[in-house]
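Colleague: Could you take me closely through one part of this model, the protein surface beside the RNA, and then connect that surface to the parts of the fold around it?

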Amino acid sequence: MKRQYSNVRGTVDFSSQQVSLYESLRRKSMNLFNLYGYRQLMLPFLEEKNLFIKGVGQASEIVQSQMMKIEGKDIVLRPEGTAQVVRYYLQHRLDKKNNFYKFFYLGPMFRGERPQRGRLRQFNHIGAEVVGSDSVYLDAEIIILALKIVDSIGLKKKQLQLNSLGCQADKKKLSQYIKEKLSKQKDKLCSACQKRIVNNPLRVIDCKRDKCKRIVNSLKLGKGHLCFDCQNHFNNLLNVLGDLGINYKYNPFLVRGLDYYTHTVFEITSDQLGSQDALGAGGRYNNLFSQLGGVDIPAVGFALGVERVMLALGKKEQKKRSLVFIARAGKNLEKQGLLLLSELRANRIASSCDFRAKSLKAQLRYGQKIGAELVVILGEDELKENKVILKDMSKSEQETLKLKDLTTKIKEKLKNYD
RNA sequence: GUGGGUGUAGCUCAGGGGCAGAGCUCUUGAUUGUGGUUCAAGUGGCCGGGGGUUCAAAUCCCCUCACCCACCCCA
């Protein structure tokens, strides 16, 4: 193999099939966002590095080692969308205009991780953020919306897991509790967790190692660390979801890796994926605004990993396109073909021709390959009487008809395919 | 970032010191003007890259890169 260029590590080329899957996913989610009253934002791929250090948290892995930096500048390719939306809200003082907003966004995120199935260095998020209310009904709306989007593209098998971290004080209380309990058995934990006990005790209960799990499972975790209000909030959420008939699993060991989460956290997983099994995740972040130096505003949101959703979907057969193919039987018919194409296209009929000089057989083979349902054959003999052949590929039938009736006939036939 | 696996034709893969292989795909023909099926022929390779051992390396050794899986992290 000659030396040649290839895509950079951790990126993927979307083939036209993947693009059409991506586009249908995009269209369906945008329809749902509109239905739920969300407005789209389109924010830059570049942001100040500090935004994420302050927002996502110094201790998090994203900030520690996974940000894609622009050399020589304090600028990074955005690793996630939430901090960015908050930046946008604060910068433009939206709290002074109308302090309740429902946003959504679509686009690429960047992280310098080691690539794996379902984990890329450039990947797409579909995300939503509701800013300006701590109503439990918005927690519910966000969760429902995330599920609806995953549903709408035909992914039926998925699980919803839920937990509440509580308010800032509750989070601290829980951290304290874990720290105290686990310090005694510190030696039995993995080396990473031994560090976590000091830096980020909450992450210990999310560790996947068996030996850590065993110890963590012996901790009695539940809603005990939550204050009265936070317990109320969470119980109300569970009730609302229950009333709406939404299946969920309460998982007291679920925490999110980003510092800004408070109260409700959730994760939507699929068993169609490998170890990177989260299709999407989200939660409430009532402290992020003040952490970023702004007014104190509650918010809740989620993000879906587009490539993971596509992976979980697997390969679906392509929808047939209504495409008309023009084949030439005879010499010097290229101009005739081009004229006919112009007429069809003027009538909004998708059509194509293979202008490489080839046998009729090869032309038909090509026409079949690109998925044409109807083929017009321009034959020398027929053209002398102003006639052409219209061939229906799936039925293997053909008829000879007058050139002037062709467009009408094609329109009629194509109706049967849509 | 850590551990394991794999790199040979466009794709899926076999071969394992001595002429580079199969199936599928693609092109052409059997049908001077009819696709899918069948039959026949043909195109296509720095055996991932670099170095070493050897008369001789796709094959053995070292380095490196990429991909896959798991850890970690996360969507």
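Modeller: In this predicted model, the residues of the surface near RNA strand B divide into 23 charged, 19 nonpolar and 17 polar. There are 59 residues around the strand, and those that come nearest are Arg117, Gly257, Ser275, Gly305 and Gly379. Taken by element, the most is given to this surface by helix α15, residues 360-369, which supplies 7 residues.

The domain assignment is a useful frame for placing these residues. It divides chain A into domain 1, made of 16-167 + 227-313, and domain 2, made of 324-413, and the centres of the two domains, taken over C-alpha atoms, are separated by 50 Å.

Beginning with the chain around Gly257, one of the residues that come nearest to RNA strand B, we find Arg256 in the loop between β8 (249-250) and β9 (262-269). Arg256 counts as buried, because it has 20 C-beta neighbours inside 10 Å, and 20 is the number at which a residue is called buried. Leaving aside neighbours within four places in sequence, Arg256 is in contact with Tyr261, Val265, Ala281 and Gly283. Its C-alpha atom is also separated by 8.0 Å from that of Arg203, although the two residues are 53 residues apart along the chain.

From that loop the chain can be followed into the strands. His263 lies in strand β9 and has a phi near 55 degrees, a positive value in a residue other than glycine. Most residues other than glycine have a negative phi. His263 is buried, because 28 other C-beta atoms lie within 10 Å. Strand β9 pairs with β10 in the antiparallel sense over 6 bridges, and in this pairing Thr269 has Ala278 of β10 as its bridge partner. Strand β10 also pairs with β11 (residues 299-305), again antiparallel, over 5 bridges, with Leu304 of β11 as the bridge partner of Gly280. Since 6 of the 7 residues of β10 (residues 278-284) are buried, this strand is largely enclosed by the rest of the structure.

Leu304 then leads from the strands to the interior. The largest nonpolar core has 75 residues, and those with the most contacts inside it are Ala128, Ile142, Ala146, Val150, Leu304 and Val309. Helix α6, residues 136-152, gives the most to this core, with 10 residues. If residues up to four places away in sequence are not counted, Val309 touches Leu25, Val150, Ile153, Leu155, Leu279 and Leu304. A second, separate core of 17 residues includes Ile326, Leu340, Leu364 and Leu378.

Two further places complete the picture. Arg348, in the loop between α14 (334-346) and β13 (351-353), has a positive phi, near 60 degrees, and is a residue other than glycine. Unlike the buried His263, Arg348 counts as exposed, because it has 7 C-beta neighbours inside 10 Å. Elsewhere, 3 strands form an open sheet in the order β2-β4-β3, with antiparallel pairing, and the edge strands β2 (46-48) and β3 (68-69) each pair on one side only. Strand β2 is joined to β4 (residues 75-77) by 3 bridges, and Leu46 has Leu77 in β4 as its bridge partner.

Terms used. Residues are numbered from 1 along each chain as its sequence is written. Chains are lettered from A and ligands numbered from 1 in the order in which they are written. This is a predicted model: local features need pLDDT of at least 70, side-chain atom pairs count only at pLDDT 80 or more; totals for chains, interfaces and linings use all residues. Domain bounds come from an automatic or database domain assignment. Two strands pair if DSSP finds at least two bridges between them. Helices (H or I, at least four residues) and strands (E, at least two) are DSSP runs, numbered from the N terminus. A residue is near a molecule or strand if its C-beta atom, placed from the backbone, lies within 6 Å of it. Ala, Val, Leu, Ile, Met, Phe, Trp, Tyr, Cys and Pro count as nonpolar, Asp, Glu, Lys and Arg as charged, and the others, Gly among them, as polar. A residue is buried if 20 or more other C-beta atoms lie within 10 Å of its own, exposed if 12 or fewer, and partly exposed in between; C-beta atoms are placed from the backbone. Two residues are in contact if their C-beta atoms, placed from the backbone, lie within 7 Å. A nonpolar core is a set of buried Ala, Val, Leu, Ile, Met, Phe, Trp, Tyr and Cys residues joined through C-beta atoms within 7 Å.
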